[in-house]
Amino acid sequence: MVDIRSSSRQAAALLLRELVETVGPLARARLGALEGEAFLARLEQVHLDVVEPLDVLYGTRTDTAELVRGLVDVALDAAAVRPWPLRVLDRRREVDPAWFQRAGMVGYACYADRFGGTLAGVRERLDYLTELGVTYLHLMPLLATRTGPNDGGYAVVDYDAVDPRLGTMGDLEALGADLRDRGIALCVDLVLNHTAREHRWARLAAAGDPEHRDFYLVFPDRALPDAYERTLPEVFPDTAPGSFTRVPELGGWVWTTFHDYQWDLDYTNPAVFTAMLRTMLDLANRVRDVLRLDAVPFLWKRMGTDCQNQPEAHLLVQAYRGLTRLAAPGVLFKAEAIVAPDMLVQYLGAHDRYRPECDLAYHNQLMVLLWSSLATRDARLAARALSRLRPAPATTGWVTYLRCHDDIGWAVADSDAAAVGWHGSDHRRFLADFYAGRYPGSFARGAVFQENEATGDARTSGMAAALCGIAAGNPAGDAARDPGVTAAGGPRATAAADPRATAAADPGATAAGDPGATGAADPGGTAAADPAGTVAGDAAGIDRLETLYSVVFSYGGIPVLWMGDELGLGNDERWAEDPLHADDNRWLHRPPMDWAAAARRTDPGTVAGQVFGRLRALAEARKGQLALRSGGETTVLVPDDPHVLAYRRRHQRSAPLLALANFSDDWQSVDLGLAAAAGIREPVHVHSTRRRLDLGEGRIHLPAWGFAWITTR
Ligand code: OTU
C-alpha cells in the first residue's frame, strides 16, 4: 500500500505506476486498444492534480491510494459507457482544446420552461437563437426538482432524471443532437453543494440510515450552529434566515446555506465525493459540453470563517476536474462563484501555482463595475478595479455577462472604492438605491433584493433593460415608474419612503461632479411609456444597454445574454402572482419569454427591433476579431476622460483592438495618443454606436452612452 503523505510526489509516482499496472489491462479491454491507451495517457496527465488534492482533503480520514483507485474505477466505468458520438467529440477536443475560446462564441441563458415550455418546445425555437448568433446555450436547472418551492430548480431530487414537466432524458438527448448540428454548445447545471431534502440520500438519512446521515452536516443541538453563525453571512436573510434547519427526523440541525429544503452535502466525507463524482460523470455522459458547478464557493465549511472560498473548495473542484477529464475529456467546467474580486480568478486555476480547475467562470466583477459606471457616469472605479485583477490563465475563459437569473450583489472592494476617493459601503448602498429607483434622478427601475438591516447590505433585482431605464416593452408601463410599485410585492415596498433613499449622498456620484448622477432628469425615465414598445423616449436607455453589452462582447470571454435582454424586455411586473415565487423578487427578472416582442425584432421602429438588431450586430462584429477570443489579454488603459472606459485586447496572432465606452449623457472624447499607446497607429473602425469613427482635433469622439471598437491598419 502506498502512503501518499510520507513523501508526496515520489509516492504519487509510485501510485501512478501501480494504477497503470492494474487499470491498464482493464482499460484496454473495456475501451479498446486505442481508447484504452488514451485513457492511460490522461491518467498520467491528471494524476498529480487528482492525488494531491485528495490527499490533503481526505488523507487523514482514509487511505488516499485506495480512494484514488476507487475513483479511477468510477471514471473507467463512465468512460466505458460513454456514448459513441461523445467519444468522437472528445477526440476532436483533445486535438482542439481551444474550441470554446473562439471569438465566434456567443452565449444565451434561459429557463427551458420560460423560453420554450418544454425541452421539445426549446427545440422548436432554435432558429431564433441561430438568428441571434448564439453558439452556446445555458439551459437553467432542468433535472427533477422538488414540487413546491424549489429555488428555480436548484433543489434537485433526482440527478438521473429530467424534470417531468420539461420532458425526459430522451428529449434532452434529442435537443442535444439538434444543438450539435447547429454548432451550439450546451451547458447544464450541476447543483453539487446541496440536494433537495426529498432526494433519496436525504430521505435515507431522515429514515435513520447512518451511511446517508453522514452525507449531510447534522448537529445534535445549537452549540456548533451558533458558533458557525457568528461568522456566517446569510444568503437569503429575508426569506431563509440562518444557515441551519431543525429536522426532527434527524434529531438535530442540518446545515442549509440556502433554503430549509436545500441540505448542504458534507464534503469532508469521501463517500460524498465519490457519490457526486458518479453523478457528475453520468451527467457528463449526457450533456456534451459544459457543466455549470452551482454555488462552488460554499462546498467546504470552516469554523470562524464565512465558509466560502475555502482552499478545500478549490481542491475539490481540482480533483473533480482531473477525474472528469479522465472519463469525459471533452466536457468543460464552469464555476458559478459570484464572489469578491480577489477570490474570483482562482476558480480558473490561478493560484500561486497554477492547477487546472474550471475552464470558465462568471466575471461578476466586470458586471458589477459596468453597472457602477452607468450609475455614477464615471469609469474610474471600473478601470482601477479591473486593472488590478489577476489575468485568467491562457487556457481558460471568462463568461462575461450583464446580468443573470440571480440578484446583483454589489461586490465592490473597499480598497478599490478608496482608490478613487469613495467610501465602499456608501457606494454599495448608493448602487442598491440607484437601481431600485430610490435615488433622485435615477433612470433605473429595479428593486432591492434581501436588504439586510443588520449589515446594511442590499442587492438588486431587475431586468437589464429596466436597470438601463428602458420603459417601453415593460408591461406595467407608467405604474412601474412609481418606486413604491417597482419594489412590488416585496416587503420592502415601503422602503421607498426610507429617508436614506433621499439622504444617502453617494460620494462617488458627487465626486464625479457629474450632474447626471445627482439629479438630472433622464429622457428615458420621464418620457411616457409606450405599450406598443416603440422607441420614443427610450433612445438613451437603448444606447446604455448596447454600450454595456459592447463591453460584455469585447472584454474577452464568452459573452452570455440572459433571455429577454436581446429584446430589451422589461421587468415581469406579475412575478409575485405565482405563490411559489411570491417571496423571491428575483422573479422580477425571470419573465416568460415574450414571443410577441420577439416577432417585432425585425422592426427597427420598436424597442425589440432596436435592441435585437444592435446585439446581433455585436455578435457579428465580434466573430471576425481574433483579438477578442478568450486566451488573449485585456489591458485596461487610463484615458484622459473619466467618463470613458478604455481597454486594449490583444492575442498573440492578431492586431490590437481598442475598445471605448462612454458612460455619460454627453459627447466625450479621448486623446488619439491612447490609441497609439495601444499600438494603433492608423485607426480603423471595427464597430461602434454610430457605425463610423468620429475623429477630429487629435481625438476620438464618442456620443452619449456610446462605444467604439477600433483596430489598426
Ligand atoms: C446559485 O446562486 C444559483 O444561481 C441560485 O439561483 C441559487 O438560488 C443558489 O445558487 C442555490 O442553489 O447565493 O444569491 O457565489 O452567489 O451560488 C445566489 C455563488 C447565490 C453564489 C451563488 C448562489
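## Cavities

A cavity is a set of grid points where a 1.4 Å probe fits but cannot get out. In this predicted model, the structure holds six cavities of 30 Å³ or more. The largest cavity contains about 70 Å³ of space. Its lining is formed by A109, H138, M140, K334, Y362, V399, Y401, R403, C404, H405, V560 and W562.

## Position of the ligand

The ligand is found in the largest pocket. Domain 1 (9-81 + 266-361) and domain 2 (196-264) each contribute residues to the shell around the ligand, and therefore the ligand lies between these two domains.

## Residues around the ligand

There are 21 residues around the ligand, and D151, D294, E336, I338 and D406 come nearest. By character, the shell comprises nine nonpolar, three polar and nine charged residues.

## Polar contacts and cover

Three side chains place polar atoms at short listed distances from the ligand. For D151, a polar side-chain atom lies 2.6 Å from an oxygen atom of the ligand. For H405, which also belongs to the lining of the largest cavity, the corresponding distance from a polar side-chain atom to a ligand oxygen atom is 2.9 Å. In D407, an N or O atom of the side chain is 3.3 Å from an oxygen atom of the ligand. On its own, the ligand has 490 Å² of accessible area, of which the protein covers 95%.

Note on methods. Residues are numbered from 1 along each chain as its sequence is written. This is a predicted model: local features need pLDDT of at least 70, side-chain atom pairs count only at pLDDT 80 or more; totals for chains, interfaces and linings use all residues. Side-chain values use heavy atoms; hydrogens and water are left out. A residue is near a molecule or strand if one of its heavy atoms lies within 4 Å of it. A polar contact is a pair of N or O atoms within 3.5 Å; within protein, one must be able to donate a hydrogen and the other to accept it, and residues adjacent in sequence count only if both atoms are side-chain atoms. Accessible areas come from the Shrake-Rupley method with a 1.4 Å probe; for residues, only the protein chains shown count as cover. On a 1 Å grid over the protein atoms alone, a cavity is a set of points where a 1.4 Å probe fits but cannot get out, and a pocket is an open set with protein on both sides within 12 Å along at least five of seven lines; lining residues have an atom within 4 Å of a point. A molecule sits in a cavity or pocket if more than half of its atoms lie within 2 Å of its grid points. Ala, Val, Leu, Ile, Met, Phe, Trp, Tyr, Cys and Pro count as nonpolar, Asp, Glu, Lys and Arg as charged, and the others, Gly among them, as polar. Domain bounds come from an automatic or database domain assignment. Grid points are joined across faces, edges and corners, and a volume is the space filled by probe spheres set on the points.
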